[in-house]
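The exercises below concern a ligand site, the pocket around it and two points of backbone geometry. Each task is followed by a solution that goes step by step.

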Amino acid sequence: MHNKKPLMDYRRVQKLQTPLFLTGALLSGVGTSVSVPLAILGIAIMLFAIVIGVLYYRCPHCGRPLGRVGEGGSYCPHCGKALDAPVEAPARSVSVPAYAKLNLTLDILGKRNDGYHEIQMVMQTVSLHDDVTVTLTGGNGIRCRAEGADLPCDERNLAVKAAKAFCEAMDYDDGIDIALTKRIPSEAGMAGGSADAAAVLRALRTLVSPALTDERLEQISASVGSDVPFCIRGGTQLAEGRGEKLTVLKPAPKFYVAVCKPDFPISTPALFARVDGVTITDRPDTTAMLNAIERGDADALCANVRNVFEQALDSEQHERIEAIKHDLLAHGAKASAMTGSGSVVFGLFSDEAACRMACEALQSGSVKTFCAEFV
Ligand code: C5P
């Protein structure tokens, strides 16, 4: 990226180079017959004229060399911009949406030696989103602020962790400011923190290193959290391993989603720990879900929505989650399940109006609802 102001611009080089060169030639010519130091001074002036040409006879927009002085017209041969057009300041700030995810399936295959669990899940991005603005401050350090939720804004926040991981991976050490506008509920199983982290990484790529591939960004993001790599590309994906091994799938058939957040959070590590002590009896058929998506079969997709975490809830949580699922199905949802480690329960609708009506009906003092759609 060309963003440093040069010591001398191309116009000044144009004005200086010929007189300097002629003066140098004259001095060195005269000097050869009358004084050696004069000749050396003449050669030095000619060299100086050549060096400033190489260093500073460059396009003010893209920074690439313009060729020989006096050659060509008033447009850059590389970027094609008019040389006298105002130079745009490089972007210092980018705002990106951070979309939430749902689990269409979630299966836990076993516990690994590193303490994580081997999982297999089909995930889907939905339109419910936070807004993330990243600004390069030119100062030092990473600053973060959040509105819309009471969140820690230090290294416990995945957005800050992501900015740190990017700086380390890319050897970048200028200041970064992160502003989060939160809408995705926390401790809900919708990857709200991971979505923000992925948005920070995508914004930093735009600002600092546009050539970085999605795959490289996913690698950098894996150290931030298990769900972050999925959130880099989003859409419909199969996640395996601890969540970082991704297969991009065909976009799932479109559904509207009633998102219901009951007034209790569920801690992901705590629920993973409970899973180890229960016998899972009802597992998702992940292959059937993948086939349904491949065929674009909305009914088969609905028939295969399942989350094994529901079997690890304590009895009170289980009762509340089941009641919401029941209400969603009674209001016309084609499928309903908890997402991730909860506590959000979602219902899938093919009809937007029915989805809105279900959201209105289920909204209460103890359940907050959001209407969203697959994106
Ligand atoms: O990777 P992340 O920090 O998001 O994971 C949070 C916690 O969830 C981990 O500390 C671990 O207890 C649990 N976890 C797990 N297996 C996974 C993903 C997360 O046990 N595949």
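For the pocket exercise a definition is needed: a pocket is an open set of grid points where a 1.4 Å probe fits, with protein on both sides within 12 Å along at least five of seven lines, and its lining residues have an atom within 4 Å of a point. The model is predicted.

**Exercise 1.** Describe the lining of the largest pocket, naming the residues that lie nearest its centre.

*Solution.* Begin with the extent of the pocket, which holds about 1100 Å³ of space and is lined by 45 residues, with Leu158, Ser194, Asp227, Thr268 and Pro269 lying nearest its centre. Next, assign the lining to secondary structure: strand S1 (93-111), S2, helix H4 (192-208) and H7 are the elements that give two or more residues to it. Finally, sort the lining by class, which yields 20 nonpolar, 16 polar and nine charged residues.

**Exercise 2.** Which residues surround the ligand, and which elements each supply at least two residues of its shell?

*Solution.* First locate the ligand, which takes up the space of the largest pocket. Its surroundings consist of Gly115, Tyr116, His117, Ile119, Gly225, Ser226, Arg242, Thr268, Pro269 and Phe272. Strand S2 (117-136) and helix H7 (268-275) each supply at least two residues of this shell, and H7 gives the most, with three. By class, the shell comprises four nonpolar residues, five polar and one charged.

**Exercise 3.** Identify the polar contacts of the ligand with His117, Ser226 and Arg242, using a cut-off of 3.5 Å between N or O atoms.

*Solution.* Take the ligand oxygen atoms to begin with: one is 2.7 Å from an N or O atom in the side chain of His117, and an oxygen atom is 2.5 Å from an N or O atom in the side chain of Ser226. Then turn to nitrogen, where a ligand atom lies 3.1 Å from a polar backbone atom of Arg242. As a last step, consider burial: the protein covers 72% of the 450 Å² of accessible area that the ligand has on its own.

**Exercise 4.** Where do Ser343 and Glu187 lie, and what is notable in their backbone geometry?

*Solution.* Start from the general expectation that most residues other than glycine have a negative phi, and that most peptide bonds are trans. The bond from Gly342 to Ser343 is cis, with omega near 10 degrees, and Ser343 belongs to the loop between strand S9 (335-338) and strand S10 (345-349). Glu187, a residue other than glycine, has a positive phi near 45 degrees, and is placed in the loop between strand S4 (176-181) and H4.

How values were computed. Residues are numbered from 1 along each chain as its sequence is written. This is a predicted model: local features need pLDDT of at least 70, side-chain atom pairs count only at pLDDT 80 or more; totals for chains, interfaces and linings use all residues. Side-chain values use heavy atoms; hydrogens and water are left out. A residue is near a molecule or strand if one of its heavy atoms lies within 4 Å of it. A polar contact is a pair of N or O atoms within 3.5 Å; within protein, one must be able to donate a hydrogen and the other to accept it, and residues adjacent in sequence count only if both atoms are side-chain atoms. Accessible areas come from the Shrake-Rupley method with a 1.4 Å probe; for residues, only the protein chains shown count as cover. On a 1 Å grid over the protein atoms alone, a cavity is a set of points where a 1.4 Å probe fits but cannot get out, and a pocket is an open set with protein on both sides within 12 Å along at least five of seven lines; lining residues have an atom within 4 Å of a point. A molecule sits in a cavity or pocket if more than half of its atoms lie within 2 Å of its grid points. Helices (H or I, at least four residues) and strands (E, at least two) are DSSP runs, numbered from the N terminus. Ala, Val, Leu, Ile, Met, Phe, Trp, Tyr, Cys and Pro count as nonpolar, Asp, Glu, Lys and Arg as charged, and the others, Gly among them, as polar. Grid points are joined across faces, edges and corners, and a volume is the space filled by probe spheres set on the points.
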